[in-house]
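Reader: Got a minute to walk me through this one? I'd like to start with the helices and then poke at the side chains.

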Amino acid sequence: MFSKELFGERLAETRLRSHETQDQLGEVIATGRTTVSEMEHGKKTTTAEKIAMICRHYHVSADYLLGLSDDPEGGVERWVEEE
């Protein structure tokens, strides 16, 4: 089952592993720092389009961010081929 809290935790962990600020992630997905903060704290979700942008930017799977898998890199190799 989807959990906004788990999505937020994984988003924050992924962003911090890349040494990026909330402002920098906001620029990538065309939103503000406040929205990123609300997502990371489990108060807000986002669109499928923005999730795809996050996944491509950080090279993590949507299944991982959404809590459907514990494998952050599952299936991301196809993005490298497209770039």
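Author: Sure. Helices here are DSSP runs of H or I with at least four residues, strands are E runs of at least two, and they are numbered from the N terminus. This is a predicted model, so local features need pLDDT of at least 70, side-chain atom pairs count only at pLDDT 80 or more, and totals for chains, interfaces and linings use all residues. Residues are numbered from 1 along each chain as its sequence is written, and side-chain values use heavy atoms, with hydrogens and water left out.

Reader: OK. What follows H1?

Author: His19, and its phi is positive, near 55°. His19 sits in the loop between H1 and H2.

Reader: Buried or exposed, that His19?

Author: Exposed, at 71% relative accessibility. The cut-offs are under 20% relative accessible area for buried, over 50% for exposed and partly exposed in between, with a 1.4 Å probe and protein chains only.

Reader: And why bother pointing out the phi?

Author: Because most residues other than glycine have a negative phi. His59 also has a positive phi, near 55°, and is not a glycine. His59 is in the loop between H4 and H5, and at 28% relative accessibility it counts as partly exposed.

Reader: Back to H1. How far apart are its end C-alpha atoms?

Author: They are 20 Å apart, which agrees with the 20 Å that 14 residues (4-17) should span at 1.5 Å a residue. The expected span is 1.5 Å times one less than the number of residues.

Reader: Which residues of H1 are buried?

Author: Phe7, Gly8, Arg10, Leu11, Ala12, Thr14 and Arg15. The cover over them includes H2 (22-28), H3 (33-40), H4 (48-58) and H5 (62-65).

Reader: Arginines in there, huh. What does Arg10 pair with?

Author: Asp70, in a salt bridge at 2.6 Å, N to O. Asp70 lies in the loop between H5 and H6 (77-82) and Arg10 in H1, so the pair ties together parts that are 60 residues apart in sequence. Arg10 is buried at 10% relative accessible area, while Asp70 is exposed at 64%. A salt bridge here means a side-chain nitrogen of Lys or Arg within 4 Å of a carboxyl oxygen of Asp or Glu.

Reader: How many salt bridges by that rule?

Author: Three. Another one joins the side chains of Arg15 and Glu40, at 2.5 Å, N to O. That pair links distant parts of the chain, with Arg15 in H1 and Glu40 in H3, 25 residues apart. Arg15 is buried, at 7% relative accessible area, and Glu40 is buried too, at 10%.

Reader: What about Glu38?

Author: Glu38 meets Lys44 in a salt bridge, 3.3 Å from N to O. Glu38 is partly exposed at 28%, and Lys44 is partly exposed at 35%.

Reader: New topic: which residues touch the most other members of the largest nonpolar core?

Author: Phe7, Leu11, Leu25, Ile29, Met39, Ile54 and Leu65, out of 13 residues. H1, H3, H4 and H5 each supply at least two residues of this core, and H4 gives the largest share, four residues. Such a core is a set of buried Ala, Val, Leu, Ile, Met, Phe, Trp, Tyr and Cys residues joined through side-chain atoms within 4.5 Å.

Reader: And what does Leu25 touch?

Author: Leu11, Arg15, Glu20, Val36, Ile54 and Tyr58, not counting residues up to four places away in sequence. Contact means heavy atoms within 4.5 Å.
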